[in-house]
Amino acid sequence: MNKMSAVAIFPSIAPENLDAFKTLLTQMLPVIQEQESILRYDVFFNDNQTRCVVLEEFSDPSGTIEHVNKNKEILDKLTALGGAIDGSVFPTSQDGEALAEIRAGWDTKIHTYFAGKR
């Protein structure tokens with residue numbers, strides 16, 4: 001299995017955008033729950049709720065692409081409300097078409113696996 005973790009950071013949520021931001025996240029969660037390739041999707045806010053960090057894990061890189069495609073409209077709105085998406089992905093393998101697509105077309109940081117406990 002070619003699991004891939006990801007971190008998506010929305011760095012700057014204005015106080016007046018917070019309720020709309022949370023509403024959009026809540027609308028997206030049922031779709032995320034149905035997607036079998038999403039193994040983890042945890043949303044965190046800093047103390048003053050001006051920054052949101054999403055920890056994600058996918059069964060493979062294509063799950064990330066599926067998630068973005070299914071939720072593009074909401075993700076675009078979240079990006080507008082949250083100041084951007086500062087994304088990083090952490091694939092356990094550098095092989096595959098999906099990762100090549102992410103590398104070629106996405107504004108995200110791709111990290112290379114070195115070692116660890118899996």
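The dialogue below goes through a predicted model and sets its computed values against their definitions.

Student: What makes the numbering and the values in this model comparable from one residue to another?

Tutor: Residues are numbered from 1 along each chain as its sequence is written, and side-chain values use heavy atoms, with hydrogens and water left out. Because the model is predicted, local features need pLDDT of at least 70 and side-chain atom pairs count only at pLDDT 80 or more, whereas totals for chains, interfaces and linings use all residues.

Student: How do you know that the length of helix H1 agrees with its number of residues?

Tutor: Helices are DSSP runs of H or I with at least four residues, strands are runs of E with at least two, and both are numbered from the N terminus. The expected span is 1.5 Å times one less than the number of residues, so the 17 residues of H1 (18-34) should span 24 Å, and the 25 Å between the end C-alpha atoms agrees with that.

Student: Where does H1 have a kink?

Tutor: The kink, of about 30°, lies at Met-28, shortly before the proline Pro-30; the bend at a residue is the angle between axes fitted to the seven residues ending there and the seven starting there.

Student: Why is His-67 called buried?

Tutor: Buried means under 20% relative accessible area, exposed means over 50%, and partly exposed lies in between, with a 1.4 Å probe and protein chains only. His-67, which is in helix H2, has 3% relative accessibility and therefore counts as buried. Its contacts, meaning heavy atoms within 4.5 Å, include Met-28, Ile-32, Tyr-41 and Leu-75, not counting residues up to four places away in sequence. Met-28 and Ile-32 are also among the buried residues of H1, and the buried residues of H1 pack against H2 (61-70) as well as S1, S2, S3 and H3.

Student: Why is Thr-64 buried, and why is Thr-79 partly exposed?

Tutor: Thr-64, in H2, has a relative accessible area of 4% and is therefore buried, while Thr-79, in H3, has 26% and is therefore partly exposed. Leaving aside neighbours within four places in sequence, Thr-64 is in contact with Met-4, Phe-58, Ile-102 and Trp-106; with residues up to four places away not counted, Thr-79 touches Phe-10, Ala-84 and Ile-85.

Student: What makes Gln-49 and Ala-84 notable in their phi angles?

Tutor: Most residues other than glycine have a negative phi. Gln-49, in the loop between S2 and S3, has a positive phi of about 55° although it is not a glycine, and Ala-84, in the loop between H3 and S4, has a positive phi of about 155° although it is not a glycine. Gln-49 counts as partly exposed at 26% relative accessibility, as does Ala-84 at 29%.

Student: What makes a set of grid points a pocket, and which residues are closest to the centre of the largest pocket?

Tutor: On a 1 Å grid over the protein atoms alone, a pocket is an open set of points with protein on both sides within 12 Å along at least five of seven lines, and lining residues have an atom within 4 Å of a point. The largest pocket has a volume of about 480 Å³, where volume is the space filled by probe spheres set on the points, joined across faces, edges and corners. Of its 22 lining residues, Ala-8, Val-68, Leu-75, Ile-85 and Trp-106 are the closest to the centre. S1, S3, H2, H3 and S4 each supply at least two residues of the lining.

Conventions: 1 Å grid on protein atoms, 1.4 Å probe; cavity = no way out; pocket = protein on both sides within 12 Å on 5 of 7 lines; lining within 4 Å.
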